[in-house]
Amino acid sequence: MRSQGREKRLTLALVIVLSVMTVAAGMWLALMPGEQSKDETWERIQDEGLIRVAMDASYPPFEFIDEGGELVGYDVDLAWELARRFGVDAEFVIISFDGLYDALRVGRVDLIISALPFDSRLTEDVVYSHSYFNAGQVLVVRQTESGIVGVEDLPGKRVGVEWGSMGDVEARQLLRRMEFDLLPYAAPEEALAALDGGELDAAITDVVSTYQFSREQAGISIVGPPVTEDPYVMATRPKSFILQEQVNTAILELSASGFLDELRLRWF
Amino acid sequence: MGLPHSVETVNPKMGVHTRLTDEVEEWKIQRTLQLVREMGAPWIVEYFPWGYIEPSKKGELDWQHADLVVDHAVNQGLTVVARLDFVPEWARPKDTTFRYLDEQHFEDYGDFVYAFVDHFKGRVDYFIIWNEPNLSFEWGYRPVDPEAYTELLKVAYRRAKEANPDCYVLNGGLAPTIAREGNEWGLSDLVFLQRMYDAGAKDYFDILAIHAYGYVFPPDDPPAEDKINFSRAELVREVMVRNGDEDKKVMITEGGWNDHPRWTKAVRPYQRILYTIQAYGLAAEWDWCQVLAIWSFRTPVPEKNFRDYYTLVTPDFILKPIYLEIQKYAHGATDWLVEPE
């Protein structure tokens, strides 16, 4: 009995301590409005009329140097549109992928837009935006195909993949629980051409290659949810909370307005 | 730990660079090394950060994780090549990176090398001193300095041999780069090595470590000083020969190809399979090459960038097609070169 009483007292004491700590933390936050309301990055962007965007220009069609030596791509156009909305100019800082986060951390840039996958390990170091593109693997069928609406419909079918790709890896995983003919091709375009030509019933390919192929060949479509998720996001410093809000608002509006679809059609 | 194993392979020069540094769970360490053995690679290169083993105070060494990795590797019949770098905070100035080591602390590093070689005597015989010292990033974001690095190598060599006279000391694997003198990011591996020889490095390493990445070129693409490809290894070898060091072997402690769908330095996945196996074959033919360790076998968690497309096995132990094809090659199959229709 005495032991139970001591445990109750300890529990009560713990609750009190935690409550005091919570109240203290709340008071500290409330008394430090300057820390919360000031976004130095956003202020500098507005003062200088310039947002500095980091990207690794070796990922076509998202960001690359074209034959004329110009930096171009889906992300480049998206960055220009964000700058236009913010009423500022954009400066692009070309950095190899390994250095993108360092450049953001030391304040050399304000924002990373670089076909950047969401990385859950870094969410204490940076703040990620909403996703603006999912670059994962997708299931593709001919537009005349009505019997396949997802991977569960693949048993007994002929399924093409790019040999050795992540689509191939996913298909081999599916083969552990269902049976279908898995046919490898040297490139995703070859698998999609075989699909379009009737040699296959479906293909699992990366979404960018699929979009690019479907621009030329209108006879195929993506069905079902993505086979794999690979969301591309933008990254800001944790204290850039106004910039984060502005970026997220812009992404939602650009998605709703069809601008992101226009970008896709322009580049893929 | 289980019963001890041995590696079955047709090519005893096959290796992989494992990435177990941040792998916490023992079963994952064991499973990774088991898969290396089952693939048919007798060699692993693994990174043992000084700052992890001696993190807070000189002389306070924690061997627990390093022991786990080494003991499981040895149990799987693998030969370990240990890379030693990563400066603990106590051995470098504030606001420097973990690659920053000034000359005042060379002896501290030497003491660590001594302790490491001594601790693993009988289990590990090969030690890599630093990593890619010809890149500014790997030299603490300072201008690269072949002469200073050679001094570090001399300290480490002397201390390693004091701990185990029969061990093999490797230089820090040189990064393939065409950067010229004065470039802020690095210096050509060929120039850096020559300057190491000029600074007296010849007697302070037993095996030359280099990195050999193919980027978009096949392994038999001819070497050239202004080009980065796999066969650039032959040019590094020529520097050794020019300096009368032809009796030493070369270990390619990192190398290979990447198959990211969009990175401009990547190849198609089927090309990565073919090139990797062809490279293992080339290494077998090069009598001066002791090991080719492909970068990299598996990472503990997804890197979430192009680096994920260097690996052979996913973080959750799904075997990529390239793993399965290498495994077939290592066990004598001859049909791995069949390209898809």
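## Strand 9 of chain A and its partners

In chain A, strand 9 and strand 13, the latter covering residues 220–223, run antiparallel and are joined by four bridges. This description, like everything that follows, rests on a predicted model. Within that pairing, Val141(A) has Ser221(A) of strand 13 as its bridge partner.

Strand 9 of chain A also has a pairing with strand 12, residues 202–206, and here again the two run antiparallel and are held by four bridges. Gln137(A) is matched in this case with Asp206(A), which belongs to strand 12 of chain A. How much of strand 9 of chain A is buried? The strand spans residues 137–142 and is mostly covered, since five of its six residues count as buried, where buried means that 20 or more other C-beta atoms lie within 10 Å of the residue's own.

## Chain A as a whole

Chain A contains ten helices and 14 strands, and of its 268 residues 35% are buried. When contacts between residues at least 6 apart in sequence are considered, 71% of them in chain A join residues at least 24 apart.

The chain is divided into two domains, of which domain 1 takes in residues 38–134 together with 231–267, while domain 2 takes in residues 137–223. Taken over C-alpha atoms, the centres of domain 1 and domain 2 of chain A are separated by 32 Å.

## Strand 6 of chain A

Strand 6 of chain A, residues 111–117, is mostly covered, with seven of its seven residues buried. With strand 1 of chain A, residues 50–55, strand 6 pairs in the parallel sense over two bridges, and Ala54(A) stands opposite Ile112(A) of strand 6.

The pairing of strand 6 with strand 14 of chain A, residues 231–236, is antiparallel and has three bridges. Here Leu116(A) stands opposite Val233(A), a residue of strand 14 of chain A.

## An open sheet in chain A

Three strands of chain A form an open sheet with antiparallel pairing, and their order is 2-3-4. Why is one side of strand 2 and of strand 4 in chain A left without a neighbour in the sheet? Strand 2 (58–59) and strand 4 (71–72) stand at the edges and have a single partner strand each, so one side of each has no neighbour in the sheet.

Between strand 2 of chain A and strand 3 of chain A, residues 63–65, there are two bridges, and these strands run antiparallel. Tyr59(A) stands opposite Glu63(A), which lies in strand 3 of chain A.

## Chain B as a whole

Chain B has nine helices and eight strands in its secondary structure. Its radius of gyration is 19 Å, close to the 20 Å given by the globule rule for 341 residues, so chain B is as compact as a globular protein of that length. Along the principal axes, its C-alpha atoms fill a box of roughly 60 × 50 × 40 Å.

Of the 341 residues in chain B, 49% are buried. Among the contacts in chain B with a separation of 6 or more, 73% come from residues that are 24 or more positions apart.

## The largest nonpolar core

The largest nonpolar core has 164 residues, and those with the most contacts inside it are Ile112(A), Ala203(A), Phe127(B), Ala156(B), Ile252(B) and Leu292(B). Helix 8 of chain B, residues 269–285, gives the most to this core, contributing eight residues. Domain 1 (38–134 + 231–267) and domain 2 (137–223) of chain A both give residues to the core as well, so the core lies between these two domains.

Phe127(B) offers one view of the surroundings of such a residue: apart from its neighbours within four places in sequence, Phe127(B) is in contact with Ala82(B), Leu84(B), Val113(B), Val117(B), Ala160(B), Cys167(B), Val169(B) and Leu170(B).

## Where the chains touch

How many residues of chain B are in contact with chain A? There are 21 residues of chain B in contact with 23 residues of chain A. On the side of chain B that touches chain A, the elements giving two or more residues are helix 8 and helix 9 (321–330) of chain B. Helix 8 of chain B supplies the largest share of that side, namely four residues.

Divided by character, the residues on the side of chain B that touches chain A comprise eleven nonpolar, two polar and eight charged.

Terms used:
Residues numbered from 1 in each chain as written. Chains lettered and ligands numbered in written order. Predicted model: local features only at pLDDT ≥ 70, side-chain atom pairs only at ≥ 80, totals over all residues. Domains from an automatic or database assignment. Rg over C-alpha atoms; globule rule 2.2 N^0.38 Å. Buried ≥ 20, exposed ≤ 12 C-beta atoms within 10 Å, placed from the backbone. Contact = placed C-beta atoms within 7 Å. Pairing = 2+ DSSP bridges. Core = buried A, V, L, I, M, F, W, Y, C linked by C-beta atoms within 7 Å. Nonpolar A, V, L, I, M, F, W, Y, C, P; charged D, E, K, R; others polar.
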